[in-house]
Amino acid sequence: MTTTSATPSPATPPHPATNPAAAAAAAGPGAGPLTVGFDLDLTLIDTRPGIRATWEAFCAETGVTADIDLVVNRLGPPLEHEMAHWVPEEEVTGMTARYRALYPAYAIEPSHPMPGARDAIRAVREAGGRTIVVTAKNGPHAELHLAHLGIEPDAVVGGLWAEGKAEALRAHGAQVYVGDHVGDVRGAAAAGALSVAVATGPCAAGELTAAGADVVLTDLTDFREWWAGYLA
């Protein structure tokens with residue numbers, strides 16, 4: 001490692017990546033295998049139990065007061081964004097570092113795969129494709145989660161959020177990006193990738209559609225069926 005049914009969006013002009021064969025042809029003879037990117041938190045892994053436990057330990061140690069229910073119900077943006085809600089601006093960097101130091105001890109064990117996560121990775125592999133994880137979470141912690149659960153993408157890229165994810169998606173030639181947040185939809189669009197959204201995070205299906213998602217799935221248990229149609 002280097003780290004219910006599909007609901008299509010309202011009618012829109014065909015996305016350049018909706019036909020895998022056409023996309024590969026446009027990429028040229030040197031193009032690599034079909035590559036699908038996945039977000040981590042609430043897309044592949046339910047990290048809410050671990051994040052809750054880490055915030056509880058962090059607040060107990062530092063005396064920071066935070067609404068942990070609110071924190072775990074709006075996962076998606078980088079940790080620094082969340083930390084800024086609870087500590088003075090000048091303390092964000094140091095407090096973020098302390099939270100991350102606590103994270104491996106509290107967050108990895110309680111977290112578990114999202115429904116269909118392993119099968120979605122497997123479906124891409126069975127078709128000869130590659131899978132990458134592109135997440136706002138820092139890379140080492142993302143890799144710890146994936147290794148603990150035995151989920152093995154071909155690459156993991158951490159520390160990227162929203163449009164910033166396009167950097168990694170383009171670098172790895174991802175034609176599809178799967179995520180649960182409107183920020184993931186924006187990242188896919190910035191990379192010219194097909195946006196497949198799952199309504200398993202803080203953003204409802206309608207919000208994901210309004211943000212421009214090409215496809216909205218209830219969760220990853222719908223991915224294999226959608227993927228078969230995409231490849232047809």
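**Overall fold, helix 9 and the enclosed spaces**

Eleven helices and nine strands make up the regular elements of the protein chain. The model is a predicted one, and its chain runs to 232 residues, 50% of them buried. On the outside, the accessible surface of the protein chain comes to about 10000 Å², with 55% of that belonging to carbon and sulfur atoms.

As for cysteines, the structure holds zero disulfides. A disulfide, for the record, is a covalent bond between the sulfur atoms of two cysteines. Cys 59 has a relative accessibility of 13%, and because buried means under 20%, it falls in the buried class. Cys 203 is buried too, with a relative accessible area of 4%.

Helix 9, covering residues 182-191, is a good place to look at how the chain packs. Seven of its ten residues are buried, so helix 9 is largely enclosed by the rest of the structure. Those buried residues start with Val 182, Gly 183, Asp 184 and Val 185, and carry on with Gly 187, Ala 188 and Ala 191. What do they pack against? Their partners are two helices, helix 8 (165-171) and helix 10 (205-210), along with two strands, strand 7 (174-179) and strand 8 (194-198). Right after helix 9 comes Gly 192, which has a positive phi, near 70°.

The inside of the model also has some empty space. Rolling a probe the size of a water molecule over the atoms shows where such space is left. The largest cavity holds about 260 Å³. Its lining is built from 18 residues, and the ones nearest its centre are Ile 51, Pro 77, Pro 78, Leu 79 and Lys 137. Helix 2 (48-62), helix 4 (79-83) and helix 5 (92-107) each put at least two residues into this lining, and helix 5 gives the most, with three. Sorted by class, the lining of the largest cavity has ten nonpolar, three polar and five charged residues.

The second largest cavity comes in at about 50 Å³. Around it sit Asp 39, Asp 41, Gly 76, Thr 135, Ala 136, Lys 137, Trp 161, Lys 165, His 181 and Asp 184. This lining splits into two nonpolar, three polar and five charged residues. Two names in it have come up before: Lys 137 is also among the residues nearest the centre of the largest cavity, and Asp 184 is one of the buried residues of helix 9.

Notes. Residues numbered from 1 in each chain as written. Predicted model: local features only at pLDDT ≥ 70, side-chain atom pairs only at ≥ 80, totals over all residues. Heavy atoms only, no water. Buried < 20%, exposed > 50% of the residue type's maximum accessible area, 1.4 Å probe, protein only. Helix = DSSP H or I, 4+ residues; strand = E, 2+ residues; numbered from the N terminus. Contact = heavy atoms within 4.5 Å. Areas by Shrake-Rupley, 256 points an atom, 1.4 Å probe, with all protein chains shown as cover. Disulfide = S-S within 2.5 Å. 1 Å grid on protein atoms, 1.4 Å probe; cavity = no way out; pocket = protein on both sides within 12 Å on 5 of 7 lines; lining within 4 Å. Points joined across faces, edges and corners; volume = space filled by probe spheres on them. Nonpolar A, V, L, I, M, F, W, Y, C, P; charged D, E, K, R; others polar.
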